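This report introduces a protein structure to a reader who has not met it before. The sequence and the structure are shown first, and the discussion follows.

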Amino acid sequence: MRLALEEAALAAASSDLDVPVGAVVLDPEGEVVARAHNEREASGDPTAHAEMLALREAGRATGSWRLTGYTLVVTLEPCVMCAGAVTASRVSRLVFGADDPQAGAVGSLLDVVREPRLAHQPEVIRGVLAGPAGDLLRAFFAARRTQREPR
């Protein structure tokens with residue numbers, strides 16, 4: 001999770017508009033095969049969430065879309081799109097930090113990854129370093145509110 005937090009900090013440093021979310025994909029031995037951070041604003045790509053970018057990179061690195069045995073670690077609870085990608089990629093384990101009560105699809109609003117009618121349900125570990133992950137997000141949004149306040 002600390003590597004994912006480093007990626008989230010890169011999002012904050014590279015663009016003051018991208019929400020600081022970071023993701024890392026680990027192989028079955030625990031080695032990093034991919035890492036990414038949000039780039040939606042920087043790239044103009046609505047799918048450029050940290051999870052999507054990390055899963056794409058992991059697929060390229062492994063030569064397969066099937067990531068059975070792999071772990072996705074992300075600083076924020078995945079949204080519907082990213083939760084769907086976790087399921088579609090057959091990731092074995094999803095670890096995330098902060099809950100997302102507004103858009104989270106791993107228990108907050110919906111629970112896409114544990115939907116029994118889907119072909120795959122990963123193990124889910126939530127709340128890992130949730131404090132630091134949440135602090136990074138709160139600081140980002142507080143700064144955004146301050147920037148928008150009339151002077």
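How far is the sulfur of cysteine 82 from the closest cysteine sulfur? The distance is 3.8 Å, to the sulfur of cysteine 79, which is too far for a bond.

The model is predicted: local features need pLDDT of at least 70, side-chain atom pairs count only at pLDDT 80 or more, and totals for chains, interfaces and linings use all residues. Residues are numbered from 1 along each chain as its sequence is written, and side-chain values use heavy atoms, with hydrogens and water left out.

**Cysteines**

A disulfide is a covalent bond between the sulfur atoms of two cysteines. Here the term is applied to a pair of cysteine sulfur atoms within 2.5 Å. By this rule the structure has zero disulfides. Cysteine 79 accordingly takes part in no disulfide, its nearest cysteine sulfur being that of cysteine 82 at 3.8 Å. Accessibility is described in three classes: buried is under 20% relative accessible area, exposed is over 50%, and partly exposed is in between (1.4 Å probe, protein chains only). Cysteine 79 is buried, because its relative accessible area is 18%. Cysteine 82, at 0%, also counts as buried.

**Salt bridges**

A salt bridge is a side-chain nitrogen of Lys or Arg within 4 Å of a carboxyl oxygen of Asp or Glu. The structure holds nine salt bridges. The table gives three of them, with the N to O distance of each pair and the relative accessible area of each partner.

| Positive partner | Negative partner | N to O distance |
|---|---|---|
| Arginine 93, 31% | Glutamate 123, 40% | 2.9 Å |
| Arginine 117, 73% | Glutamate 115, 21% | 2.6 Å |
| Arginine 138, 53% | Aspartate 135, 44% | 2.8 Å |

Elements are named from DSSP runs and numbered from the N terminus; helices (H or I) have at least four residues and strands (E) at least two. Arginine 93 lies in strand E4 and glutamate 123 in strand E5, so their salt bridge ties together parts that are 30 residues apart in sequence. Arginine 138 and aspartate 135 are separated by about one helical turn, because they are three residues apart in helix H5 (residues 130-148). Salt bridges with shared partners also join Glu6, Glu7 and Arg35 into one network.

**Aspartate 18**

Aspartate 18 is situated in the loop between helix H1 (2-14) and strand E1 (22-26). Which side chain of opposite charge is nearest to aspartate 18? The nearest is arginine 40, 5.4 Å away, and aspartate 18 has no salt bridge although it is buried. In this count Lys and Arg are positive and Asp and Glu negative, while His and the chain ends are not counted.

The side chain of aspartate 18 does have polar contacts, defined as pairs of N or O atoms within 3.5 Å; within protein, one atom must be able to donate a hydrogen and the other to accept it, and residues adjacent in sequence count only if both atoms are side-chain atoms. One of its polar side-chain atoms lies 2.7 Å from the backbone nitrogen of glutamate 41. The backbone nitrogen of alanine 42 is reached by the side chain of aspartate 18 at 3.1 Å. Contact in general means heavy atoms within 4.5 Å. Not counting residues up to four places away in sequence, aspartate 18 touches several residues, including Ala11, Asn38 and Phe140.

**The aromatic pair**

Rings of Phe, Tyr and Trp (its six-membered ring) pair if their centres lie within 6.5 Å; planes under 30 degrees apart count as stacked, over 60 as edge-to-face and the rest as tilted. A search of the whole structure finds one such pair. The ring centres of phenylalanine 140 and phenylalanine 141 are 4.9 Å apart and the planes stand at 80°, so the pair is edge-to-face. Phenylalanine 140 is buried at 9% relative accessible area, whereas phenylalanine 141 is partly exposed at 36%.

**The loop between H4 and E4**

Serine 89 lies in the loop between H4 and E4, and arginine 90 is in the loop between helix H4 (80-88) and strand E4 (93-98). Serine 89 counts as buried at 8% relative accessibility, while arginine 90 counts as partly exposed at 27%. Leaving aside neighbours within four places in sequence, the contacts of serine 89 include Leu55 and Arg66; those of arginine 90 include Ala119 and His120. The side chain of arginine 90 also reaches the backbone oxygen of alanine 88 at 3.2 Å. Alanine 119 is found in the loop between E4 and strand E5 (123-126) and counts as exposed at 72% relative accessibility.
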